[in-house]
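Ready for a few exercises on a protein model? Try each task yourself before you read its solution.

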Amino acid sequence: QLQLVESGGGWVQPGGSLRLSCAVSGGTVDSYVIGWFRQSPGMQREPVSCISNSGGRTYNVDSVKGRFTISGDRVNDIVYLHMNSLQLEDTAVYYCAAGRGFRAIEHMCAANAVGRISYWGQGTRVTVSS
């Protein structure tokens, strides 16, 4: 059974940076599309960034383009989300997700993909405030 464990969340001031980690076990990152999603109180879970199983393609939603970068460590089966220039609206619980069967990573990094993703981590909280 694939397991995903997130870490790296915390409190940061606006404009600051954090790096989230998603450790994959029970499988390897080159077998799944891996994505980061986030959920704020009272809101639907939304996509943030995804990386292909080969690591060769990444996708970021418009609200984080130029600020967030997803990357994969294929030796240690860890996927990172590097978050820079954090804003108040980035405050959320961030979840790592793994899926298969999507024709393109953009299809997994979509709001309507949430119900079709097989594996989720427990989440790590990011709070951006002054």
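## Exercise 1: Two cysteines out of sight

Cys22 has 0% relative accessibility, so it counts as buried. Keep in mind that this is a predicted model.

**Task.** Find the partner of Cys22 in its disulfide, and work out which parts of the chain the link ties together.

**Solution.**
- Step 1: Look for the sulfur that sits 2.0 Å from the sulfur of Cys22; it belongs to Cys96.
- Step 2: Check the partner's surroundings. Cys96 is also at 0% relative accessibility, so it counts as buried.
- Step 3: Place both ends. Cys22 is in strand β3 and Cys96 in strand β9, so the pair ties together parts that are 74 residues apart in sequence.
- Step 4: Read the twist of the link. The angle about the S-S bond is -75 degrees, which goes with a left-handed disulfide.

## Exercise 2: The other disulfide

**Task.** The structure holds two disulfides. Is the link of Cys50 and Cys109 left-handed or right-handed?

**Solution.**
- Step 1: Confirm the bond: the sulfur atoms of Cys50 and Cys109 are 2.3 Å apart.
- Step 2: Take the torsion about the S-S bond. For Cys50 and Cys109 it's about 100 degrees, so this disulfide is right-handed.
- Step 3: Locate the ends. Cys50 belongs to strand β5 and Cys109 to the loop between α1 (105-108) and β10 (119-120), so parts 59 residues apart in sequence are tied together.
- Step 4: Check for burial: both Cys50 and Cys109 are buried.
- Step 5: Number the bonded cysteines in sequence order, and the pairing reads 1-3, 2-4.

## Exercise 3: Order in the sheet

**Task.** Work out the strand order of the open sheet of four strands, and say which are its edge strands.

**Solution.**
- Step 1: Start with β1 (residues 3-7), which pairs with β3 (residues 18-25) in the antiparallel sense over five bridges. Here Leu4 stands opposite Val24.
- Step 2: Move on from β3 to β8 (residues 78-83), an antiparallel pairing over six bridges. Leu18 has Met83 as its bridge partner in β8.
- Step 3: Write out the full order, β1-β3-β8-β7, with antiparallel pairing.
- Step 4: Pick the edges: β1 and β7 each pair on one side only.

## Exercise 4: Into the core

**Task.** How many residues does the largest nonpolar core have, and which have the most contacts inside it?

**Solution.**
- Step 1: The core has 27 residues.
- Step 2: Those with the most contacts inside it include Ile34, Trp36, Phe68 and Tyr94.
- Step 3: Strands supplying at least two residues each include β3, β8 and β9.
- Step 4: Don't miss the second, separate core of 10 residues, with Val33 and Ala97 among them.

Technical notes: Residues numbered from 1 in each chain as written. Predicted model: local features only at pLDDT ≥ 70, side-chain atom pairs only at ≥ 80, totals over all residues. Heavy atoms only, no water. Pairing = 2+ DSSP bridges. Core = buried A, V, L, I, M, F, W, Y, C linked by side-chain atoms within 4.5 Å. Buried < 20%, exposed > 50% of the residue type's maximum accessible area, 1.4 Å probe, protein only. Disulfide = S-S within 2.5 Å.
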